[in-house]
Amino acid sequence: MTEYYKWKVIGILAAVAVSLYILVPTLFNLKSVADSEYAAPAGLARYFPKKGINLGLDLRGGLYLEMEVDLNEAVKNRVDVLITEIERILPQKDFPGLALARVAKTSRVRVFLPADKRSLFLDQLRENFGDVLDPVLAPTEINFQIAGGGDLADLLQKVAALLKEQNIPFADVERGGADNVLRIILGQPGTHEPVLQKIKASPLGASPLGTQLTPLPSSDYTVLQMTPEYVQHLHEMTLKQAVEAVRNRIDRYGVAEAGIQLQGEDRIIVEIPGVKNPDRVIDVIRKTGLLEFRLVDDSVESQAVSDHINEAREKNKIPEGYSKEIVDKINEGLKGKIPEDDEILFELTRDPITKEVVNGTPYLVKKRADVTGDMLRTAQVGVSQNEPHVNLSFNKIGAKNFGDITKSNVGKRMAIVLDGVVSSAPVIKEAILGGQAQITLGYGSYQSLLNEAEDLALLLREGALPASLTIATKTLIGPSLGADSIRSGINSMLFACAVIFLFMLGYYKLGGLLANMALILNVLFIFAILALFQASLTLPGIAGIVLTMGMAVDANVIIFERMREEKRLGKTAKSIVESGYEHAMSAIIDGNLTTLIAGIVLYQFGSGPIKGFATTLMIGILTTLTTAVVVTRVVYDYFIYKRRVNRIII
């Protein structure tokens with residue numbers, strides 16, 4: 001008998017007892033397991049674990065979302081904030097007339113500054129902001145002199161359409177400062193010459209739309225662009241922040257077992273089991289929570305703004321509505337008719353009963369936000385004159401920016417913009433130096449406004465999303481489908497067990513019975529480990545368990561065949577057992593080790609169902625080595641050394 005026989009027996013019995021203890025919630029409270037909510041501990045129940053096996057989304061039913069993070073938007077938002085910080089930090093006395101503007105649809109920044117100040121500006125920039133922005137030496141845009149007249153807005157759209165037809169890479173086409181200058185923003189710096197040659201060879205260079213375009217020298221300003229290293233860092237931080245914000249929002253619903261993970265370079269996978277109102281959850285998750293304070297441009301009359309919008313809708317056949325896509329199309333159609341650094345946003349009016357948008361009031365606002373939600377310190381619900389609202393307070397930087405903006409724009413309107421929609425646009429009556437602001441919520445009953453204020457305050461406090469999320473994949477799995485999956489999975493496992501049991505009993509007799517007992521313990525240990533670490537049991541995971549059962553039996557088959565060879569040689573029972581296990585070990589370890597490596601690779605690089613399969617497969621391999629080798633050997637040793645059995649039936 002081996003030296004550690006006693007300790008092996010104690011270890012096996014202890015493992016069985018602990019496994020049964022861990023699985024009590026699963027074995028005796030199946031309904032709570034299905035709901036992932038164990039009943040409140042009472043009586044003997046308080047001495048057992050609160051949670052059973054955590055069922056995966058495919059077994060339990062729920063919501064599966066795959067969302068794409070708009071990283072480019074995050075970069076552009078960061079550029080806007082950098083511009084505000086640069087203008088605030090760099091001393092005006094050293095750089096008189098300094099002006100910065102983000103290039104539309106890119107992360108580049110135009111810096112307007114006298115040529116003799118540029119070197120000093122770049123030095124100051126690096127000193128205060130490090131290697132965040134670098135000057136772009138290659139041309140980033142091409143300016144053309146327009147001859148022949150015509151409507152500029154119409155020309156911008158037709159030139160953009162022709163560039164697309166010619167497959168000429170570009171980021172945007174805009175008015176180049178003056179009405180008779182057209183500017184093409186290059187998609188990539190340094191592609192100036194190839195693009196210019198393509199334009200000259202196209203109808204644009206000869207007689208474009210009845211208008212003559214003549215290339216102009218490059219404009220006299222510096223163009224900055226974020227360094228690749230900082231962009232990479234910003235992408236990583238954006239994804240981390242997005243995951244954390246999504247997790248916080250889901251936690252509001254008390255879904256403690258929601259799975260949230262990154263996939264690829266710009267996607268987030270969200271699995272929410274047992275969700276009862278998926279539409280509301282999706283709405284809260286997707287809501288960006290991006291808060292901005294922007295000045296309203298009153299240089300254009302409100303009636304003229306409305307006329308321009310109606311004209312753009314009619315000319316470009318833009319449907320009614322105020323979604324982000326429609327507002328983008330409206331702004332595209334207004335190019336050349338509104339100032340370059342302005343855009344149209346709407347304040348929405350909703351039906352008090354149906355909550356559907358019934359009207360939108362347009363505002364001409366500055367593209368660049370002067371204060372953003374990044375500078376927010378707190379957001380709390382307040383009530384004045386029986387009307388709930390949200391009180392905001394900013395951090396030191398936000399308060400300073402807010403004070404400067406309101407001080408220099410008394411008498412003008414400032415739009416409070418949430419997720420691209422104007423919440424309100426009050427007139428600045430005096431400088432607001434305390435870093436406080438207030439968001440009013442329109443019209444409705446007291447309770448509905450209070451709920452809206454509470455939701456908005458929570459959204460702002462828990463952190464705005466750094467970029468918008470687009471749903472790439474959405475799958476809603478009903479509870480009935482999950483129940484069917486559970487039933488099918490259990491049936492497949494029972495059928496597999498029955499077939500294996502019968503085969504082993506018929507072919508190896510008592511040896512087969514011993515292997516079947518080891519197989520039962522193997523399944524028991526797998527479920528206990530899943531419950532202990534709260535790893536999700538999925539439908540592919542059940543497939544992994546069934547595969548593991550086959551591998552566990554295979555290990556015993558190898559052992560038994562070696563023992564039969566020894567038996568045919570006429571050896572004693574003790575020699576048969578020792579030689580059988582000794583000669584089979586290398587083949588068993590090799591087979592299980594290679595499968596374990598495959599499981600690790602699947603878990604590392606797979607996702608969703610593949611990870612579920614890999615998890616149970618890896619756990620099953622470890623338990624197989626314990627039950628098929630250790631447990632069966634201990635039983636043989638018991639009968640040979642303790643019971644003095646001298647005949648092996650196999």
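What follows is a walk through the side-chain contacts, ring pairs, surface patch and backbone features of this structure, which is a predicted model.

The charged side chains offer a convenient way in. Side chains of opposite charge can pair when their charged atoms come close. In this model the count comes to 18 salt bridges. The side chains of R102 and D80 meet in one of these, with 3.0 Å from N to O. That pair links distant parts of the chain, since R102 belongs to strand β3 (residues 99–102) while D80 belongs to helix α5 (residues 71–89), and the two are 22 residues apart. The two partners can also be placed by their accessibility: R102, at 26% relative accessibility, counts as partly exposed, whereas D80, at 9%, counts as buried because the limit for that class is under 20%.

A second salt bridge joins the side chains of R183 and E174, at 2.7 Å from N to O. Here R183 has a relative accessibility of 6% and therefore counts as buried, and E174 is likewise buried, with a relative accessible area of 9%. This pair is part of a wider arrangement, in that R110, E141, E174 and R183 are linked in a network of salt bridges. Further along the chain, the side chains of K571 and E566 meet in another salt bridge, again with 2.7 Å between N and O. In this case K571 is partly exposed, at 34% relative accessibility, while E566 is buried, at 5%.

From charged groups the reader can turn to the aromatic rings, for which the count comes to nine aromatic pairs. Among them, Y581 and Y636 form a pair that is edge-to-face, with 6.3 Å from centre to centre and 70° between the planes. This pair, too, links distant parts of the chain, with Y581 in helix α19 and Y636 in helix α20, 55 residues apart. As for accessibility, both Y581 and Y636 are buried.

Ring pairs also link F503, Y507, Y508 and F560 into a cluster. One member of that cluster, Y507, has a charged neighbour over its ring, because R564 lies over the face of Y507 at 4.7 Å from the ring centre, and the limit for such an arrangement is within 6 Å.

Helices α19 and α20, which hold the two tyrosines of the edge-to-face pair, also contribute to a nonpolar patch on the surface. The patch is formed by I589, L593, I597, V601, F605 and L625, which together have about 570 Å² of accessible area. Its largest share, five residues, comes from helix α19 (residues 573–605), and L625 is found in helix α20 (residues 609–642). At 30% relative accessibility, L625 counts as partly exposed.

The backbone supplies a further point of interest. Most residues other than glycine have a negative phi, and most peptide bonds are trans. Against that background, K317 has a positive phi of about 55° although it is not a glycine. K317 is found in the loop between α12 (302–316) and α13 (324–333), and at 75% relative accessibility K317 counts as exposed, because the limit for that class is over 50%. K509 also has a positive phi of about 55° without being a glycine. The place of K509 is in the loop between α16 (479–508) and α17 (510–532), where K509, at 46% relative accessibility, counts as partly exposed.

The last stop is a residue in helix α14 (residues 396–407), namely I405. With a relative accessible area of 15%, I405 is buried. Leaving aside residues up to four places away in sequence, I405 touches L295, D370 and M414. In addition, I405 and I428, which are 23 residues apart in sequence, are 9.7 Å apart in space from C-alpha to C-alpha.

Note on methods: Residues numbered from 1 in each chain as written. Predicted model: local features only at pLDDT ≥ 70, side-chain atom pairs only at ≥ 80, totals over all residues. Heavy atoms only, no water. Salt bridge = Lys/Arg side-chain N within 4 Å of Asp/Glu carboxyl O. Helix = DSSP H or I, 4+ residues; strand = E, 2+ residues; numbered from the N terminus. Buried < 20%, exposed > 50% of the residue type's maximum accessible area, 1.4 Å probe, protein only. Patch = residues over 30% accessible without salt bridge, like charges linked within 9 Å, V, L, I, M, F, W, Y side chains within 5 Å. Areas by Shrake-Rupley, 256 points an atom, 1.4 Å probe, with all protein chains shown as cover. Phe/Tyr/Trp six-rings, centres within 6.5 Å; stacked < 30°, edge-to-face > 60°. Lys NZ or Arg CZ within 6 Å of the ring centre and 35° of its normal. Contact = heavy atoms within 4.5 Å.
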